[in-house]
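My notebook is open, and I'm going through this one a piece at a time. Here is what I looked up, in the order I got to it.

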Amino acid sequence: MDITSAEFVVSNSRADMCPQTHLPEYAFIGRSNVGKSSLINMLTKNPKLAMTSSTPGKTLLINHFLINKEWYLVDLPGYGYAQRGKKMMEKIQKLIEYYVLEREQLTCLFVLVDSRLDPQRIDLEFIEWLGENGIPFALIFTKADKQSAGKTKSNVSRYLEKLKEQWEELPPYFVSSSEKKTGREEILNYIEQINRS
Ligand code: GDP
């Protein structure tokens, strides 16, 4: 799929105030600093579309971007900010829960994990929660350029092995680098394939 238009539509702190349309939504989530904003900017070929985590306040909101006037790319708040304090963490968690569980337009949730790291408990718990609630999701292993291709491959295999301990069926997964602009086609083709089905 080629992206011919990508427009910022709205930022919300409440999931029930998201756009009132029936267009499919593809949401992106992950721990702070996982590379979510960079990935969104890379996918849309717009270096400034998603504000990076250094922009105060932005990362606490649900951001909708209309793509090709056909679907929404949704930038969800990052989870696991220990430094934000308990109250804020709870607020973010509620927002995420509400969106993920109640938003009927959510078609696939892309969960980003850093390809360099061992499986992190917070991500594994989140993935487990998605499974328990029957939420369709896919994994994206980010920042692949930060290590050799061999190391990425072995980390991804180890991650999938870990998931196999809990799951009979593995989710779709992608490997990306926003720096080297890799993984873009695969992710966009996957979205296109779902949109057409
Ligand atoms: P977010 O908090 O998940 O939105 O993360 P950002 O997109 O703001 O990225 C966090 C940091 O990681 C920034 O310094 C980015 O430049 C860097 N980063 C993000 N993606 C990549 C990548 O694919 N490769 C490399 N080398 N650095 C990346």
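**Helix H3.** I started by asking which residues of H3 are buried. I found Asp123, Phe126 and Ile127. I should jot down right away that this is a predicted model. Looking down the axis of H3, I see its buried residues fall within an arc of 100°, so they line one face of the helix. That face packs against S5, since the buried residues of H3 pack against that strand. On the other side of H3 I noted Arg121, Glu125 and Glu132, which are exposed.

I also checked the length of H3, which covers residues 121–132. Its 12 residues should span 16 Å at 1.5 Å a residue, and the end C-alpha atoms are 16 Å apart, so the two agree. Just after H3 I spotted Gly134 with a positive phi of about 65°.

**Val111 and the core.** Next I went for the largest nonpolar core, which has 38 residues. Which of them touch the most other members? They are Ala27, Phe28, Val111 and Leu112. Strand S5 (residues 106–114) gives the most to this core, with 6 residues.

I picked Val111 for a closer look and left out residues up to four places away in sequence. It touches Asp123, Phe126 and Ile127, the residues I had just listed as buried in H3. Val111 also touches Ile29, Gly30, Phe137 and Leu139.

**Helix H5.** Then I moved on to H5, residues 184–196. It has 13 residues and reaches 18 Å from its first C-alpha to its last, close to the 18 Å expected at 1.5 Å a residue. Its buried residues are Arg184, Ile187 and Ile191. Seen down the axis, they fall within an arc of 85°, so they line one face of H5. I wrote down what they pack against: S2, helix H1 (36–44), strand S6 (137–142) and strand S7 (173–175). Asn189, Gln193 and Arg196 sit on the other side of H5 and are exposed.

**Two spots toward the start.** Is Asp16 buried or exposed? I counted it as exposed, because it has 10 C-beta neighbours inside 10 Å and the cut-off for exposed is 12 or fewer. Asp16 lies in the loop between strand S1 (6–12) and strand S2 (25–30). I looked up Tyr99 too: it is 83 residues from Asp16 along the chain, yet their C-alpha atoms are separated by 8.0 Å.

Thr4 is in the segment before S1. It has 9 C-beta neighbours inside 10 Å, so it counts as exposed as well. From Thr4 to Gln20 I get 16 residues in sequence and 23 Å in space, C-alpha to C-alpha.

**Whole chain.** Finally I zoomed out. The chain has 5 helices and 7 strands, running β-β-α-β-β-α-β-α-β-α-β-α from the N terminus on. With 197 residues, a compact globule would have a radius of gyration near 16 Å, and the chain has 16 Å, so that agrees. I put 31% of the residues down as buried. Of the contacts between residues at least 6 apart in sequence, 73% join residues at least 24 apart.

As for confidence, the chain averages a pLDDT of 90, and 93% of the residues score at least 70. For the complex, the predictor gives an ipTM of 0.99 and a pTM of 0.94.

Terms used:
Residues are numbered from 1 along each chain as its sequence is written. This is a predicted model: local features need pLDDT of at least 70, side-chain atom pairs count only at pLDDT 80 or more; totals for chains, interfaces and linings use all residues. Helices (H or I, at least four residues) and strands (E, at least two) are DSSP runs, numbered from the N terminus. A residue is buried if 20 or more other C-beta atoms lie within 10 Å of its own, exposed if 12 or fewer, and partly exposed in between; C-beta atoms are placed from the backbone. The expected span of a helix is 1.5 Å times one less than its number of residues. The arc is that of the directions from the helix axis to the C-beta atoms. Two residues are in contact if their C-beta atoms, placed from the backbone, lie within 7 Å. A nonpolar core is a set of buried Ala, Val, Leu, Ile, Met, Phe, Trp, Tyr and Cys residues joined through C-beta atoms within 7 Å. The radius of gyration is taken over C-alpha atoms; the globule rule is 2.2 Å times the number of residues to the power 0.38. pLDDT is the predictor's confidence in each residue, from 0 to 100.
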